[in-house]
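Here is a short colleague's note on the backbone of a model that may be new to you. Please have the sequence and the structure at hand as you read.

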Amino acid sequence: MSVVGFDVGNENCVIAVAKQRGIDVLLNDESNRENPAMVSFGEKQRFMGAAAAASATMHPKSTISQLKRLIGRKFSDSDVQNDLRLFPFETSEDSDGGILIRLRYMGEMQSFTPVQILGMLLSHLKQIAEKSLNTPVSDCVIGIPSYFTNSQRLAYLDAAAIAGLRPLRLMHDSTATALGYGIYKTDLAANSSPTYIVFVDIGHCDTQVCVASFESGSMRVRSHAFDRNLGGRDFDEVLFNHFAVEFKEKYNIDVYTNTKACVRLRGSCEKVKKVLSANAEAQLNIECLMDEKDVRSFIKREEFEQLSSGLLERLIVPCKKALTDSGLNLDHIHSVELVGSGSRIPAISKMLSSLFKRELGRTVNASECVARGCALQCAMLSPVFRVRDYEVQDSFPFSIGFSSDKGPINTPSNELLFPKGQVFPSVKVLTLRRENTFHLEAFYANHDEISPDLPTQISSFMIGPFHISHGEAARVKVRVLLNLHGIVTIDSASLIEDHKENMTSEEAISENNHHSSATKDNTLDPSSSSTGKEPKASKRMEIPIVANMSGALTKDELLEAKQRENSLVEQDLKMESTKDKKNALESFVYEMRDKMLNTYQNTATESEREFIARNLQETEDWLYEDGDDESEDAYIEKLNDIKKLVDPIENRFKDGEERVQASKDLLKTI
Ligand code: ATP
Ligand code: K
Ligand code: MG
């Protein structure tokens with residue numbers, strides 16, 4: 001069984017695997033360590049990763065990228081609406097308010113949910129891993145942004161299930177990075193004070209900042225902060241708008257009105273941005289951008305930096321917030337590690353090093369750290385691997401509250417069930433007095449922490465039905481869990497009936513923070529739930545729970561999604577093998593033509609040679625015309641047909657060879 005970590009980015013995906021001697025990043029077929037996070041639908045077949053990127057300009061309207069932006073979100077979210085304006089593909093609102101991606105495939109318009117497309121991408125990454133490791137891959141850890149909501153996390157698990165993966169943990173990107181940083185740090189003395197590090201990750205679409213503390217044998221996340229909508233692509237967009245205005249003036253073309261031109265100009269702007277990271281100026285040349293016009297321009301780094309000054313300012317916000325939320329100040333910080341390829345813009349490190357008043361550390365591999373940390377975590381969670389004991393404590397970035405039909409439920413100190421910064425996984429046990437079925441609801445308690453745009457509702461749970469035999473002393477104990485993925489669930493509910501009165505308070509919570517280290521799995525010690533001492537003579541009975549997890553697929557929906565994925569895979573395989581058959585026919589034509597002129601020149605008669613040459617020519621013409629897009633069987637049949645013509649000549653040639661060999665052997669024995 002292999003132990004794999006996936007970093008699924010908005011632009012790049014990285015796959016890392018734990019081996020006995022350390023962590024390796026896997027190469028794809030093109031020998032690259034990064035895989036484009038893209039899925040593209042051709043006419044009759046899908047392309048993934050690098051192949052999808054190659055197909056993107058041909059099929060701009062059916063190539064999906066930046067999937068994470070859409071996952072687990074509602075069509076009407078204003079962030080989503082802003083993104084959709086930039087995306088070349090068509091979308092619509094699903095009947096449940098979700099997003100449908102609409103594209104032409106197999107000759108008709110088809111709809112896919114973001115979860116289905118992410119399933120395709122994950123399945124592609126799984127395949128790369130399986131091919132490289134030569135074993136099936138299922139257990140894994142997948143990186144997610146710390147700001148993901150409950151429904152986004154659930155959507156990830158569904159997509160993983162479609163791909164046949166079993167995530168042992170969805171792990172916050174920065175926590176993975178911090179783990180990879182900490183586990184190799186052996187210079188931390190056991191009794192000295194913790195070392196505090198700030199990690200800043202600037203990706204394609206977002207920025208995540210995290211403060212973590214490291215001690216010998218353990219690490220703990222002190223705070224997560226982020227800007228969901230600030231990443232490398234915003235710098236591309238600054239250039240895009242700049243050149244779009246310029247070209248309107250200079251060439252009288254409005255790229256905004258042309259999907260293909262937008263896709264191409266955006267692509268070129270990203271290249272210009274990268275050139276400017278290493279050079280003081282960059283050229284932009286695009287042939288035939290639109291209206292058959294070639295465009296050219298050039299920009300200096302200075303001008304780019306001016307254009308992006310607003311974005312640079314915005315980067316300060318999550319950095320300051322992470323520091324404030326950690327309760328630390330700059331003097332406590334040992335170093336600042338900058339990761340994510342979006343951070344390669346020189347102005348960014350300049351700005352951050354002046355903000356943090358120090359040179360930035362470069363200990364961490366900026367593009368692979370998330371995947372590497374995930375693979376490490378997977379090794380720690382996997383039963384098949386032994387990793388040195390190392391404790392990982394993550395902190396949850398949102399406050400989560402619970403309420404029942406009787407109003408909000410708070411801890412004895414009047415706190416929320418899971419306040420912001422809660423170390424998780426964590427269990428809280430609620431003790432409630434109820435006579436029959438009741439509901440519990442989980443919600444985000446602070447709208448500002450998530451996004452004013454997102455619903456505060458998380459999930460609801462029906463506890464019941466149950467029957468109590470003698471009223472007053474019946475209590476219901478509910479185990480509420482913020483699990484290893486950062487998803488809120490109810491683990492169990494049980495009815496406890498005492499023979500004598502023993503409850504004084506109406507409702508109670510036993511705080512039962514399970515500061516479980518990540519080296520253990522998320523099944524919690526059952527004895528830890530019963531901190532409230534049960535009277536000897538009490539009776540305990542399990543109560544059924546029905547969860548309404550908003551954002552998750554039902555069993556039937558998941559099954560259907562898996563079936564659809566299977567038939568799409570079948571179609572892809574069919575097209576791949578059709579392509580192979582077509583190539584085989586084509587190579588046979590070329591090879592035979594050559595043999596007829598050389599090898600078989602003396603074996604075949606002139607009329608045979610002419611006849612076969614004509615046939616080869618006809619087959620070649622057919623391949624370019626009617627036979628360009630034929631069925632697998634058609635290619636097989638054509639190949640068999642010419643083989644039949646050539647066979648007699650080949651046999652004659654072989655016989656001749658054998659005779660020559662036999663006479664040679666004979667000569668040798670003499
Ligand atoms: P996210 O974290 O948002 O999901 P991701 O993990 O795919 O996305 P990264 O691979 O970390 O993102 O970074 C991609 C971004 O880095 C892109 O915007 C890309 O243009 C940018 N980038 C890559 N190389 C350079 C460079 N040399 N100079 C500037 N930007 C670069
Ligand atoms: K990445
Ligand atoms: Mg990233």
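The points below concern a predicted model, and they take up cis peptide bonds and positive phi values in turn.

1. Begin at Phe 424, whose peptide bond to Pro 425 is cis, with an omega near 5 degrees. Pro 425 itself belongs to the loop that runs between strand β22, residues 423–424, and strand β23, residues 426–432.

2. A cis peptide bond also joins Gly 464 to Pro 465, and here omega is about 0 degrees. To find Pro 465, look in the loop that follows β25 (457–463) and leads to β26 (474–482).

3. Turning from omega to phi, please look at Gln 66, a residue other than glycine that nevertheless has a positive phi, near 50 degrees. Gln 66 sits in the loop between strand β7, residues 63–65, and helix α2, residues 78–86. Is this residue buried or exposed? Gln 66 counts as buried because its relative accessible area is 12%, and the cut-off for that class is under 20%.

4. A positive phi near 50 degrees is also found at Asp 291, again in a residue other than glycine. Asp 291 lies in the loop between two strands, β16 (281–290) and β17 (293–300). Its relative accessibility is 52%, and Asp 291 is therefore classed as exposed, since that class begins over 50%.

5. When checking these places, it may help to take the loops one by one: Pro 425 between β22 and β23, Pro 465 between β25 and β26, Gln 66 between β7 and α2, and Asp 291 between β16 and β17.

Conventions. Residues numbered from 1 in each chain as written. Chains lettered and ligands numbered in written order. Predicted model: local features only at pLDDT ≥ 70, side-chain atom pairs only at ≥ 80, totals over all residues. Heavy atoms only, no water. Helix = DSSP H or I, 4+ residues; strand = E, 2+ residues; numbered from the N terminus. Buried < 20%, exposed > 50% of the residue type's maximum accessible area, 1.4 Å probe, protein only.
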